[in-house]
Amino acid sequence: MKSKILHFTLLVFVGWGNPGLVADANGVGRTTEPLGDGWTFHLGDMNGAEDAGFDDSKWRTLDLPHDWSIELPYDPTMAGGSAVAYLPGGIGWYRKSFALPKSDAGKVIAIDIDGVYMDSQVWINGHLLGRHPNGYLGFRYDLTPYLKFGEEKNHIAVRVNVEPSGSRWYPGAGIYRHVWLTKMNPVYIAHWGTYVTTPEVSKEKATVRLRTEVKNTSGESADVVLASMILDPQGNAVAKAESKQSVAGGATHDFDQFFVVTNPQRWSPDTPDMYQVASTVKLGGKTVDTYTTPLGIRTVEFTVDQGFLLNGEHVDIKGVCLHHDFGALGSAISDRALERQLEILRAMGCNAIRTSHNPREPEFYAMCDRMGFMVMDEAFDGWQQKKLPNDYHKYFKDWHEHDLTGMIRRDRNHPSVILWSIGNEMNEQHREDFPGQGGVIAKKLVAICRQHDPSRAVTAALNSPEASERVGITAALDVYGQNYNLIAYPKLKGKKAMIGTENATSFITRGSYSFEIVNDRGLKLKIQNIKNNSECTGYGKFWGEDRTEGTLIGMRKSPWVAGQFAWTGFDYLGECFPFKWPARNGLFGIVDLAGFPKDSYYIYQADWTDEPTLHIVPQTWNWPQFNAPIPVWLYSNSDEVELFLNNRSLGAKQINRAESLHAEWLVGFEPGELKAVGRSGGQVVSTDIVRTAGKPTRLEVTADRTEIAADGTDLSFLKIRLVDENGVVNPDSDRMLKVSVEGAGTLVGVDNGHHMNHSPFKGNQVETSYGLALAIVKSGKDAGAIQVSVSADGVQPGQVTIATLPAGDARLVEAATTRKKLFRENNKRFSRHLLAKIKEIGNLVAGANATASSSSDADASMTGTGVLIVAPVFKHGSGQHADSVVASRNKKPPTWSENEARNIVRDEARKLGIEFTVEGEMPLGMDGVSKTGKIAFEILTGEDVPDRIDNTDRITDFYGAAEQLVKGLKTKSGEYIVGVFYEPLMGKGTAPDEEPLRQQVRDFGAWLKKEKYLN
């Protein structure tokens, strides 16, 4: 038994990057060989290139994966240019010759191509195997009937057609994912032919079900034995099953096996423990096929009122949308580039990825499994109604079932995948005049998902709640996916489970800050949202407000929503917004194109993690041109933050996270040091320092890894800093850099993350952007050292050496083990941090508890001094609740907005030592009854209720309403909610309108203290 366990452990290792495609350690059964080296390539169409005897000796030789578009110069005149970063597509040809030994005769031999963008045709020895328009999903062709064995070569030819105006973002061009040659005996497990589920899971045991499709392509019946073994994360066999079945020639049999795993290690973001199911197909006692299926034991549930449950526990989905390009590397898949992206996102607190708006490469899902990222797997950007002239709508009718089925079958065994998405912002939301549109298509797509995987819920990313509900799309879905439009959350509450499929977007240029001088009763500085009509401020105020902060606060106020996917994790090439040419990418990302975090990164880190976080905005302190104070923001999750200028305290502040996620100071510039400290529990837990930069004197080069594998694919990412004599980055004196690489590797990319950078990604020169730049080097296949030197005029050059080590070298193994351990520690610290920790906010009435409306744990009780929760309540119905008290000065035209009214109440109350906090939607059902039996207080305004109000004449002012509310509470018990409605203030008014309301707050506060309702 021990030898079998070792054998299957080897299978797991070999097949990790491409689950289901594994080599048999004993040389029998299935083998899967990479087919990426030594292809020839020609850009442009070529007659006869599909023929076996075509002469391609003058073509370029390269290895796959390959993206030709990233190698070409920008072209601002090309059709659809801004969408695809002004990088051309066109037609390209790939060819590959290979020989097969005579011993392979009689086997089933297939080519597995993980992805070609797009509209590919494949030939083998001049025979057309087929066409595959979808650029994001892999496919298999059976080569067997057309192959030659022995010394005679076989010739594969692939034609790729990338039409203009076919994508809304940069897709790449070419065979940009891996290619494999899979050899099997005539009886074998079908392509994507296993399906593993965990119907019952508890701490004590888990039931595992494995369905396996075994094909018999021989001409005669076969008595098939399927033996399957579950291996735990340590490689130990923990459960077995064996089944026998006679399978007729040319038929397929679906085996159904059940297992019980005791004391299962359950998969989650903080404990991404992976099992494997190793299956063996035997005929007459001989192994004829082996196959490994990834297994994560876990349960997932999207609920209407509790958000998302993983293994029965509430988990906030803190996700980002992520396109598939890797910046300077283009869209060609790189394991290390992908891993680096996920490492950067995890340090921010991210625990989930939406594959916007298409399936990703197989390595992505395997990596999310083992790194602990939950995945919303998305199939389509659109359906039959076009967004662009040459997008997928041209193929949807004929190909949607094939492609969606392929995605589900390929990805359904990954525990990281928690949710299917059938589309993004489809134009069918708005069309009712076409048969087969909208709801009809949605129902069909959902049915396909359930046919191949009934274990997961199905959603779609919708941006028009009313329209999608009207045409029947919403009704077809298990989970309502909503893009932006947070105002719709309360309207949809209680109808079905919800998730924010696309949220936020603070347009930011990393390192860019600008101010404009205004003269308003003295000289002041105002944050300038756009600089030189080409950059967006690092403060995240492109729209005039910080949408990231607003969204995070909104999510905290909506605990019934499963979570969100911010748009986007990284900047991505194409979809240039808000600037077009010379911009090459939009500014949607939290991290720039080079992988350098923007300021908004730290808003998420402070909100999504328990890691002490502190970040100063701006990240530069060189402002001698301004005599007016500079706005300084601090992002932090500490109890208290304090700002110092040259060791002088500028005061300490607390961040009221119900209203804002930053604290602000106005600081007069003087050269030196701006320092912030964060304290929790009275102790300093975090520090950030920004110093005035002097003249740049040298370049610092730092490698993210100084030891990499000598496998021809591994990467090291080099951060280049332009610094002064004290090591402070100078953001104002950017220099053109020249990167030189010698030794056992090559330079494969340079960038600076700036959306206006036009330096060739594949060149060796790039200018720093606000003092930073990036170079990427790739190992060769021989061990040795890579020497990198970076130089620029007027400064000392920087150098770094990177060792390339043989695969399996002890130093690489030790480094990988250390990284994995650190990553798992970060997982435990970050992934289960809840967005909405309940606050101890105190009693208003003696003997009664108040529940905080922002809480994801509504059962927590409060202790302390008096607090009134001020919360909007949407569409409570005419007459309010049975216990509501309504106050209105409706004889006076409204003059102020709802928020302004609340701000006035809070401001005046604070002067009296009473804290009125705006906490948003209550964690209650729409009937307004607390399920905890505790008391919640609201102030309602005219924006929150319908036009008809039955009891508006009962009380005529805030003071009277609030007084009656408190008196009523003293005699009440049980489950109820009391609302106070106040509507004197709507629209825009003048300062004198505040005084009546302020006086009422003063009267109310005095009454509370007189009656001893406050401690």
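Here is a short conversation about one sheet in this predicted model.

Student: In what order do the four strands of the open sheet stand?

Tutor: Happy to help! The strands pair in the antiparallel sense throughout this open sheet. Reading across, the order is E36-E35-E38-E39.

Student: Which strands stand at the edges, and why is one side of each left without a neighbour?

Tutor: An edge strand here has a single partner strand, so one of its sides has no neighbour in the sheet. The strands in that position are E36 (648-653) and E39 (683-691).

Student: By how many degrees are neighbouring strands turned against each other on average?

Tutor: This angle ignores the direction of the strands. Averaged over neighbours in this sheet, the turn is 20°.

Student: How many bridges pair E38 with E39?

Tutor: Strand E38 covers residues 673-680 and runs antiparallel to E39. As an example of facing residues, Leu674 is opposite Val690 in E39. The pairing extends over eight bridges.

Student: Which residue of E38 is the bridge partner of Glu642?

Tutor: Let's start with the strands: E35 and E38 run antiparallel and are joined by six bridges. Within E38, the partner of Glu642 is Val677.

Student: Is strand E35 largely enclosed or largely open, and how many of its six residues are buried?

Tutor: Buried means under 20% relative accessible area. Strand E35 spans residues 640-645, and it is largely enclosed by the rest of the structure because the buried residues number five of the six.

Student: Which residue in the turn between E35 and E36 has a positive phi?

Tutor: E35 and E36 pair over four antiparallel bridges, with Val641 opposite Lys653 in E36. The two strands form a hairpin with two residues between them. The turn residue with a positive phi, about 50°, is Asn646.

Notes:
Residues are numbered from 1 along each chain as its sequence is written. This is a predicted model: local features need pLDDT of at least 70, side-chain atom pairs count only at pLDDT 80 or more; totals for chains, interfaces and linings use all residues. Side-chain values use heavy atoms; hydrogens and water are left out. Two strands pair if DSSP finds at least two bridges between them. Axes are lines fitted to C-alpha atoms, for helices over the stretch in contact, and angles run from 0 to 180 degrees between N-to-C directions. Buried means under 20% relative accessible area, exposed over 50%, partly exposed in between (1.4 Å probe, protein chains only).
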